[in-house]
Amino acid sequence: MRVLVVNNLYPPMAFGGYEVLCEQIVETLESRGYEIDVLTSDFCAAECPPAPRVHRLLQLTTDFPRPGEDVGFVDFRLRRMHAVARVNQRHTERILRQKAYDLVFCWCLNRMSIGPVLAARHVGVPVCYTVNDEHPKQFRPAQGAGLRARARVLAERSLWPKATLRGVAAFPTTVISQALKDSLLDQGTPLEHARVIHQGIPLEQFPFAPTHRQPGEALRVLYVGQLSASKGVHTVIRALASVDTSHPDDMHLTIVGSGVPEYERYLRGLVDDLRLGDRVTFTGRVPHEEVASMYRRSHVLAFSSECREAFGLSHLEAMASGCAVVSTLRGGCAELVRDGRNALEFEAGNALHLAARLDELRYDEHARRALVRAGRQWVERHHSLSGYCSNLEEFMSDACGPRALN
């Protein structure tokens, strides 16, 4: 099968897990005999080495912030979305006419418009879409009976018809969790037909090599992710200050990642205010390939998000590596965490509850090791990259219908 994969970013230009996962799926499909080309944005294209099957051509409505930059204004106005859709539709059509593609597989179209979908429809190539976060709300048609809603509907129909999914017939879509699907439906995004397919990770990149805690050794707690208030990193720091004070030095926190500069400054100030300077380490961003070794060197991953997470790749990576997980249950995380069986849960924003769960693992190494073993087994059974790719193959074949070649 010949497939054109469309994603807004593609490694080495990657800021998050979904870009890395996209590349992993592309490589896995190629190993299974698929012919894959990738079409992505021109964001920082000059910094990326040329690759024969990666086309960095598409336009963004607004550039992504680089590490250390504030998010700033993101342009989702109808006029801008329509204009970018026209440009990206032309680019995509030109690529599609160069080969006889069997499928256009869209990953993340955040800030990139629905131009690639319109192009596939216009050229007559089947199109499907995997949704990894809430970005499709950018394309939801206006609803409601008020004057403002009616005016927007008119604008969507007559002035900027390529800005939203209004008038675009449903096409095969998958979402990575039921929680994400429910959230998008609640926001009026037309995804009633979407199929839930949970993601997976390459187990060979996260070998099971747990670090057992020796008597008297500090419990090494790890946070990995974006530094923003919605991720609740402050809760982890406050929990560290709230653990059993009879042995306060028996726990150390490493914070891996970068994000909103103002929030990062707040976190460092919080560490100073709580006098935790010798118990907290900020590493900044580290290459994704180095994260696996950090999981293996740690005893616990603290996942503290206070927002509705689409899923939880970091949970899976930590579990696979032999690191116990303590997590909130906002959004899709709840679909993979089984409290007391493969991980421990705590109430989002509740530092005292997190401190209590960390103390459980600090004082019961046997229980922590049991979670570690169960976590690895859970990932092997339910969330391997191979299994995820096989589910996507079935989805892609269904999307192609009689055009499928394998």
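**Exercise 1.** In this predicted model, are E309 and K231 buried or exposed? Work that out, then find what links them and where they sit.

*Solution.* Start with the surface: E309 and K231 are both buried. Next, look at their side chains: E309 and K231 form a salt bridge, with the closest N and O atoms 2.7 Å apart. Now place them on the chain. E309 is in the loop between β11 and α9, while K231 is in the loop between β8 (219-224) and α6 (233-242), so this pair ties together parts 78 residues apart in sequence.

**Exercise 2.** Take the salt bridge between D37 and K99 and decide how accessible each partner is.

*Solution.* First the distance: N to O, the two side chains meet at 2.9 Å. Then location: D37 belongs to strand β2 (residues 35-41), and K99 to the loop between α2 (78-96) and β4 (103-106), 62 residues apart. Now use the cut-off: buried means under 20% relative accessible area. D37 has 2%, so D37 counts as buried. K99 has 31%, so K99 is partly exposed. Last step, zoom out: D37 and K99 join R2 and E35 in a network of salt bridges.

**Exercise 3.** Trace the open sheet that contains β11 and β12, and find the helix lying across these two strands.

*Solution.* Write down the order: β10-β9-β8-β11-β12-β13, 6 strands with parallel pairing. The edges are β10 (280-284) and β13 (344-345), each pairing on one side only. Inside, β11 (residues 300-303) pairs with β12 (residues 324-327) over 4 bridges, and F303 stands opposite S327 in β12. Finally, helix α9 (residues 313-321) lies across both strands, at about 170° to β11.

Key:
Residues numbered from 1 in each chain as written. Predicted model: local features only at pLDDT ≥ 70, side-chain atom pairs only at ≥ 80, totals over all residues. Heavy atoms only, no water. Pairing = 2+ DSSP bridges. Contact = heavy atoms within 4.5 Å. Axes fitted to C-alpha atoms, helices over the stretch in contact; angles between N-to-C directions. Salt bridge = Lys/Arg side-chain N within 4 Å of Asp/Glu carboxyl O. Buried < 20%, exposed > 50% of the residue type's maximum accessible area, 1.4 Å probe, protein only.
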